[in-house]
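Hi,

Here is the structure I promised to pass on. Have a look at it first, and then read my notes below.

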Amino acid sequence: MFIKKADIVLIILLLIIALAFNFVFLKYVQKGGQVVISYNANVYKTLPLNEENTLEIKNPQGEILIKINIKNGEAYISEASCKDKYCLKQGHIKNTNQSIVCLPNKIMVEIKSGGDGDFDTVIK
């Protein structure tokens with residue numbers, strides 16, 4: 001079986017398209033600027049993503065519901081009181097509009113751009 005010139009041209013063309021797509025995709029993924037923590041559907045706290053931080057959210061009885069860490073421009077949950085621990089498995093987030101959700105504890109950690117003009121839609 002021989003490789004023809006057309007096969008080589010096709011392979012090179014596909015590689016160029018794949019590299020161009022990868023470059024465009026990576027260029028438009030925004031790095032986040034702040035971490036917005038919501039508890040029970042209300043904004044609980046907003047923290048900058050570029051500063052190391054640890055936040056513990058406790059229930060009224062004093063038990064730690066969840067522990068959120070911000071380190072190296074990423075946010076992640078390191079401890080949770082829920083049974084399934086699914087929020088721990090969601091990993092680290094760093095890009096705008098990524099989120100971690102802990103349904104049993106009613107907590108959401110979301111990355112936002114950090115600008116004042118952070119609107120999804122404007123309705124007049």
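**The cysteines**

Cysteine 87 counts as buried, at 2% relative accessibility. Keep in mind as you read that this is a predicted model. Since there are several cysteines to look at, I checked for disulfides, and a search of the whole structure turns up zero of them. For cysteine 87, the nearest cysteine sulfur belongs to cysteine 102 and is 3.7 Å away, and cysteine 87 is in no disulfide. A disulfide here needs the two sulfur atoms within 2.5 Å, so that pair does not qualify. Cysteine 102 is in no disulfide either: its nearest cysteine sulfur is that of cysteine 82, 3.6 Å away. Cysteine 102 also counts as buried, with 2% relative accessibility.

**The core**

Which residues have the most contacts inside the largest nonpolar core? They are Val35, Ile37, Ile57, Ile66, Ala75, Cys87 and Val109, in a core of 21 residues. So the cysteine I started with turns up again here, as a buried residue and as one of the best-connected members of that core. At least two residues of the core come from each of β1, β3 (53-58), β4 (64-71), β5 (74-80), β6 and β7 (107-112). The strand that gives the most is β4, with four residues.

Valine 35 is a good place to zoom in. Leaving aside its neighbours within four places in sequence, valine 35 is in contact with Lys45, Thr46, Leu47, Leu49, Ile70, Ala75, Val109, Glu110 and Ile111. Two of those, Ala75 and Val109, are also on the list of residues with the most contacts in the core.

**The four-stranded sheet**

Now for the strands. One open sheet has four of them, in the order β2-β1-β7-β6, with antiparallel pairing. β2 (42-48) and β6 (99-102) stand at the edges with a single partner strand each, so one side of each has no neighbour in the sheet. From one strand to the next, the twist averages 15°.

Within this sheet, β1 (residues 34-39) and β2 pair in the antiparallel sense over six bridges. If you want a register to check by eye, take isoleucine 37, whose bridge partner in β2 is lysine 45. The hairpin of these two strands has two residues between them, and asparagine 40 takes a positive phi there, near 55°.

Serine 38 is found in β1 too. Is serine 38 buried or exposed? It counts as buried, at 14% relative accessibility. Again leaving aside neighbours within four places in sequence, serine 38 is in contact with Val43, Tyr44, Lys106, Ile107 and Met108.

Tyr44 brings me to the aromatics. A search of the whole structure finds one aromatic pair. Tyrosine 39 and tyrosine 44 form it, in an edge-to-face arrangement with 6.4 Å centre to centre and 75° between the planes. Tyrosine 39 counts as partly exposed at 27% relative accessibility, and tyrosine 44 is partly exposed as well, with a relative accessible area of 40%.

**The three-stranded sheet**

There is also an open sheet of three strands, ordered β3-β4-β5, and its pairing is antiparallel. Here β3 and β5 take the edges, each with a single partner strand, so one side of each is left without a neighbour in the sheet. The twist in this one averages 20° from one strand to the next. β3 and β4 pair in the antiparallel sense over six bridges, and asparagine 53 stands opposite isoleucine 70 in β4. You have met that isoleucine already: Ile70 is among the contacts of valine 35.

**Two lysines with positive phi**

Last, a couple of backbone details for when you go through the loops. Lysine 85 has a positive phi, near 55°, in a residue other than glycine. Lysine 85 is found in the loop between β5 and α2 (86-89), and it is partly exposed, with a relative accessible area of 29%.

Lysine 106 also has a positive phi, of about 60°, although it is not a glycine. This lysine 106 is found in the loop between β6 and β7. With a relative accessible area of 51%, lysine 106 is exposed, and it is one of the residues in contact with serine 38.

Cheers

Key
Residues are numbered from 1 along each chain as its sequence is written. This is a predicted model: local features need pLDDT of at least 70, side-chain atom pairs count only at pLDDT 80 or more; totals for chains, interfaces and linings use all residues. Side-chain values use heavy atoms; hydrogens and water are left out. Two strands pair if DSSP finds at least two bridges between them. Axes are lines fitted to C-alpha atoms, for helices over the stretch in contact, and angles run from 0 to 180 degrees between N-to-C directions. Buried means under 20% relative accessible area, exposed over 50%, partly exposed in between (1.4 Å probe, protein chains only). Rings of Phe, Tyr and Trp (its six-membered ring) pair if their centres lie within 6.5 Å; planes under 30 degrees apart count as stacked, over 60 as edge-to-face and the rest as tilted. A nonpolar core is a set of buried Ala, Val, Leu, Ile, Met, Phe, Trp, Tyr and Cys residues joined through side-chain atoms within 4.5 Å. Contact means heavy atoms within 4.5 Å.
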